Every structure is written in structure tokens, then in C-alpha cells.
Amino acid sequence: MEQDKVKANGSYIMKCCLITSAVSIIIAIIVIMNNEWSEVAGVIFAIGILLVTCIFGTISGYRKYKHPEKYSLVGGNNKVEFRNIKFWDSSYVWDSACKIYCEQYNKKVEELNETDESMIWRYCDNGIAYLVMWLVENDYFVIGDWESGEELIRQVKRREETPDELIESIDCKITEEDITENIGDFFMYYYEGEYFDDYKKFVEDKLDIKIDNADDVYRIAFEWADYDRFKPLIEKAYEKYNSNQNL
């Protein structure tokens with residue numbers, strides 16, 4: 001998962017900076033002991049700058065290691081940038097989806113292969129996929145200046161690709177940067193309001209089961225037929241939102 005990568009990256013930065021600092025201090029001590037101060041002032045100054053850089057690097061690495069949820073790596077056209085997590089992160093529901101998947105297929109976590117893990121991610125992504133698809137259909141979903149991302153959005157809108165493919169392309173996270181400003185208020189209204197209640201009831205009806213624990217809803221992958229049945233619920237919520245705005 002991406003948070004593990006960020007955490008590992010933070011750990012690596014800290015180790016590199018600490019090792020570099022230790023070596024620099026040893027070199028500085030040796031240089032000072034074997035030379036006149038006036039002869040090595042420039043070298044010591046350079047080492048001092050290196051140590052300061054290492055201190056800031058260690059702090060940065062520690063923050064990534066301690067709080068990986070605040071950072072994510074997003075790639076596109078060989079571009080990598082850090083983004084703050086705002087709304088949705090599929091990795092947060094991975095454990096729940098994994099538990100359900102293992103129960104469904106009578107598997108142990110250590111027995112899961114790449115195909116199994118891919119399906120579990122689809123279970124996770126589907127928690128937000130219907131809403132993302134509605135945003136795409138109505139031109140409310142964007143991916144900055146990432147050109148291949150724009151093409152993927154068009155493919156999803158034409159139903160040549162699925163919204164979970166789009167979600168995975170942005171590291172399974174949805175942020176405020178991915179949603180146009182003119183729909184942001186409705187997104188928060190529905191997302192923090194009735195969306196997950198609607199999703200839970202939809203899963204219950206589809207599978208003809210009763211779900212008592214909210215975390216147990218992550219048990220189905222995206223299907224176009226399901227989205228077409230769920231879409232009217234989003235439209236209803238949007239109409240309700242607009243009606244409230246006009247009061």
C-alpha cells in the first residue's frame with residue numbers, strides 16, 4: 001500500500017541523513033585535530049552546511065515515517081508529487097475488505113496472490129466508485145494537468161474503462177483537487193451525509209444479506225449494471241441538495 005511506501009521512504013531518508021551526519025562529524029574532528037583552524041575553516045563551514053541540511057532531512061523523513069497518511073505519491077507522465085488526503089483513501093478499508101474476501105473464498109491472508117489482492121482493491125475502491133462515476137459523467141472530475149489522466153477520464157465516461165481503474169490511477173485517493181469547485185459543496189453534503197447509508201442498503205439488497213457492521217459493506221466489485229441502479233440515488237440526493245439551496 002502507498003502509505004507503507006511513504007513510511008519506508010521516510011525511514012530511508014532518516015537513515016541516510018543520520019549516517020551522513022555521523023560521517024561528517026568524524027571527518028570534521030579528524031580535520032580539526034590534524035590542521036590549523038585557519039587552514040580548514042572553509043572545510044568546516046561546508047561540513048556545517050551539510051549537517052544543517054541533514055537535520056532538516058531527518059525531520060522531513062521522520063514526519064513521513066510518523067504520519068504517512070498525510071502524504072501520497074502520485075505518478076503520471078513520469079511526474080511525482082505529494083498530495084494531501086482530503087476525502088477518500090481506499091487503503092483505510094483494506095483490512096475490512098480483505099477479511100470479507102478471505103471469508104468469501106475460504107482463504108488465509110498469507111495465501112493471497114496478486115489476483116486476490118487486485119480484487120480486494122476493487123472491493124475497497126467500489127466504496128466510492130459510484131459517486132466518482134457520477135462525477136465523471138457530469139464533468140465534475142478532474143486530474144490537474146496530467147494529460148494521460150484526462151484521457152482516462154474520457155475513457156471512463158465512454159465506459160471503456162471502469163471508475164475503479166480511475167481511482168487506482170490516483171493511488172486510490174480522492175482529494176479536493178480531483179473535484180471541480182462548483183460541485184464540491186454537494187459532494188461533501190452527500191459524502192458526509194447519506195451516501196454510505198445508501199451504499200450499505202444497496203449492498204444489502206444486491207446480496208440479500210443484513211449488514212450490522214458498517215465496515216462490512218466492502219464486499220462487491222464495480223459493475224456497470226450496479227452503477228445504473230445506484231445512480232438514481234445520487235440524482236435524488238442532488239435534487240434534494242439543490243432544493244435546500246433554493247429555500
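1. In this predicted model, helix 4 and helix 9 pack with their axes 9 Å apart and at an angle of about 75 degrees. Because of that angle, helix 4 counts as roughly perpendicular to helix 9, the range for that label being 65 to 115 degrees. On the helix 4 side the contact involves Tyr 130, Leu 131, Met 133, Trp 134 and Glu 137, and these meet a set of helix 9 residues that includes Trp 224, Tyr 227, Phe 230, Ile 234 and Tyr 238. The charged residues Asp 226, Lys 231 and Glu 235 of helix 9 also take part in this contact.

2. Helix 9 deserves a closer reading along its own length. Its buried residues are Asp 226, Tyr 227, Phe 230, Ile 234, Ala 237 and Tyr 241, and what covers them includes helix 7 and helix 8 as well as helix 4. An α-helix has 3.6 residues a turn, so residues three or four places apart point the same way.

3. The geometry of helix 9 can be checked against a simple expectation. At 1.5 Å a residue its 22 residues should span 32 Å, and the end C-alpha atoms lie 31 Å apart, so the two values agree. There is nevertheless a kink of about 30 degrees at Phe 230, shortly before the proline Pro 232.

4. The largest nonpolar core comprises 54 residues, and Ile 128, Tyr 130, Phe 141, Leu 166 and Ile 174 are those with the most contacts inside it. At least two residues of this core come from each of helix 3 (94–105), helix 4 (114–137), helix 5 (147–157), helix 6 (163–169), helix 7 (181–191), helix 8 (195–207) and helix 9 (224–245). Helix 4 gives the most, with 13 residues. In soluble globular proteins, nonpolar side chains tend to be buried together.

5. Phe 141 illustrates how this core is joined. Leaving aside residues up to four places away in sequence, Phe 141 touches Val 132, Leu 135, Val 136, Ile 153, Leu 166, Ile 170, Ile 174 and Asp 178. A second, separate core has five residues, among them Ala 28, Val 31, Val 40 and Ile 47.

6. As for the chain as a whole, nine helices and four strands are present, and they follow the pattern α-α-β-β-β-α-α-α-α-β-α-α-α along the sequence. Of its 247 residues, 42% count as buried. Among contacts between residues at least 6 apart in sequence, 69% join residues at least 24 apart.

Conventions. Residues are numbered from 1 along each chain as its sequence is written. This is a predicted model: local features need pLDDT of at least 70, side-chain atom pairs count only at pLDDT 80 or more; totals for chains, interfaces and linings use all residues. Side-chain values use heavy atoms; hydrogens and water are left out. A nonpolar core is a set of buried Ala, Val, Leu, Ile, Met, Phe, Trp, Tyr and Cys residues joined through side-chain atoms within 4.5 Å. Buried means under 20% relative accessible area, exposed over 50%, partly exposed in between (1.4 Å probe, protein chains only). Contact means heavy atoms within 4.5 Å. The expected span of a helix is 1.5 Å times one less than its number of residues. The bend at a residue is the angle between axes fitted to the seven residues ending there and the seven starting there. Axes are lines fitted to C-alpha atoms, for helices over the stretch in contact, and angles run from 0 to 180 degrees between N-to-C directions. Angles under 35 degrees count as roughly parallel, over 145 as roughly antiparallel, 65 to 115 as roughly perpendicular and the rest as oblique.
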